Amino acid sequence: MNFPFYIAKRYIFSKSKNNAINIITRIASGGIIVGAMALFIVLSAFSGLREFSLSFSNDFDPDLKANAISGKSFSISPEQEKEIKAITGVVLYSKIIEERVLFSFDGKQQVTFLKGVDVNFTKVNKASEKLFSGQWLKPNTTQCVVGYGISEKLSMGLFDFNNPFEVYVPKPGKGTIENPDEAFNKSELTPVGIYAISEELDSKYVFVDLSLAQELLEYNTTQVSGIEFRTKPDANEAEIISKIEKILGNNVAVKNRAQLNATLYKMLNTENIAVYLIFTLVVIIALFNLIGALIMMVLDKKSNLKTLFNLGTEVKNLRKIFLLQGTLLTVLGGIIGIILGILVVALQTKYQLIMITQSLAYPVLFSIQNIFIVFGTIVSLGFISSLIASSRVNKKLLD
């Protein structure tokens, strides 16, 4: 057995004659355990919040989406559609039109997005599964599905035939408008469903049939503002994007879900790093106790070290004893802390001990990645702390 490792292991599990050193060592071990547990719980809680925040956009955004780089629309021919259908990894696609327009109901007005969708939309997007009440719109009708926030602002219910729900779309063209009545394309819509996803999304869209949106915007039947794609889980995303962009031309860019929500992902990643750094600082402060405990141990074992030195043990091996002792303490403390953290996360997941509201538990997510992050952080910092403390063993001390 390696001599420094053998001595380091003996020092960990044996008590010192000096009771103060035993207390300091216990405090250092407790600090490592609590630090590892706290870091794991916080990372798991943030992973849960991240997953919870992204669940809203994941329910609403497609796997891939093609948008025009310049202008508001682009055309897709039947030949291009056949080529897209032949792409390996693409399950379905849905043609859409999005435009910011004016809606009016019972004297109240709201400016928000009109979204025209085709029959494949419900198979590509999960919005139809998030209906608060009513049903999804039927194709080739004037039916519409509105967000809960829009219906609340307009005080609008479903199938209200006494008060028309009207949409006003500015007519394309240039020049001065002489007659305001001729400046808009107008249609009366029939609300048949209300969706509820999140506060922001619930106030953003009114869904209508694609042909109606094309008519209001004076688009031809091949003209769309975007195409949403549903892909296979194991599909090569980069390859699919490349093929779609090649088929649709240089005027169209294809983005995945992360790129569609680049700001949200960037904010969550920044917050994750900030939380990690803050709690790593807490762990560093806790590891000062380890440095103190090892230095006290060096001083306590000074006579033993002199004996070993006189018997021919090199100074570097004497240093290695305390380096290994501190590292072993950190490894053991990190493992115990992570196990306790996993237990807390499991209890929260199963029994919902902490609640945000009466019906919503604080989200936590168990992740193998967080285990490696916490263990790697604790061991790395513990090794550095042990290295600092073990450097106190030198010839001057042993003389």
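Select Val91 first and display its surroundings: beyond the residues within four places in sequence, Val91 is in contact with Arg230, Thr231 and Lys232. This is a predicted model, and the tour below should be followed with that in mind. Val91 belongs to strand 3, which covers residues 90-105. Is Val91 buried, exposed or partly exposed? Its relative accessible area is 36%, so Val91 counts as partly exposed. Next, add Trp136 to the selection and draw a C-alpha to C-alpha distance from Val91. The two residues are 45 positions apart in sequence and 22 Å apart in space.

Move now to helix 11, residues 315-351, and select Gln325 within it. Which residues does Gln325 touch, neighbours within four places in sequence aside? The contacts are Ala8, Tyr11, Ile12, Leu294 and Met297. Gln325 has a relative accessibility of 2%. The cut-off for a buried residue is under 20%, and Gln325 therefore counts as buried.

The following stop is helix 9, residues 262-300, where Asn272 is found. When residues up to four places away in sequence are not counted, Asn272 touches Leu43 and Phe46. Add Arg50 to the view: Asn272 and Arg50 are separated by 222 residues in sequence, yet their C-alpha atoms are 8.8 Å apart. With a relative accessible area of 28%, Asn272 is partly exposed.

Two loop residues come next, selected for their backbone angles. Asn140 sits in the loop that joins strand 5 (131-134) and strand 6 (143-147). Although Asn140 is not a glycine, its phi is positive, at about 60°. Asn140 is exposed, since its relative accessible area is 65%, and the cut-off for exposed is over 50%.

Proceed to Phe159, in the loop between helix 5 (148-153) and strand 7 (165-170). Phe159 is likewise not a glycine and has a positive phi, here about 55°. How much of Phe159 is accessible, in relative terms? The value is 40%, so Phe159 is classed as partly exposed.

Now colour the whole chain by confidence. The mean pLDDT is 90, and 97% of the residues score at least 70. Where is confidence highest, and where is it lowest? Strand 9 (residues 205-209) has the highest mean, 97, whereas helix 13 (residues 395-398) has the lowest, 77. As a general caution, predicted coordinates should not be read in detail where pLDDT is low.

Finally, zoom out and switch to a cartoon view. The chain contains 13 helices and twelve strands. Along the principal axes, the C-alpha atoms fill a box of roughly 105 × 50 × 40 Å. The radius of gyration is 32 Å, whereas a compact globule of 399 residues would have one near 21 Å. Of the contacts with a separation of 6 or more, 79% are between residues 24 or more positions apart.

A surface view completes the tour. The chain exposes about 21,400 Å², of which carbon and sulfur atoms supply 57%. Of its 399 residues, 44% count as buried. For the charges, colour the 40 positive and 34 negative ones separately; their mean positions are 21 Å apart.

Conventions:
Residues are numbered from 1 along each chain as its sequence is written. This is a predicted model: local features need pLDDT of at least 70, side-chain atom pairs count only at pLDDT 80 or more; totals for chains, interfaces and linings use all residues. Side-chain values use heavy atoms; hydrogens and water are left out. pLDDT is the predictor's confidence in each residue, from 0 to 100. Helices (H or I, at least four residues) and strands (E, at least two) are DSSP runs, numbered from the N terminus. The radius of gyration is taken over C-alpha atoms; the globule rule is 2.2 Å times the number of residues to the power 0.38. Buried means under 20% relative accessible area, exposed over 50%, partly exposed in between (1.4 Å probe, protein chains only). Contact means heavy atoms within 4.5 Å. Accessible areas come from the Shrake-Rupley method with a 1.4 Å probe; for residues, only the protein chains shown count as cover. Lys and Arg count as positive and Asp and Glu as negative; His and the chain ends are not counted. The place of a charge is taken as NZ of Lys, CZ of Arg, CG of Asp or CD of Glu.
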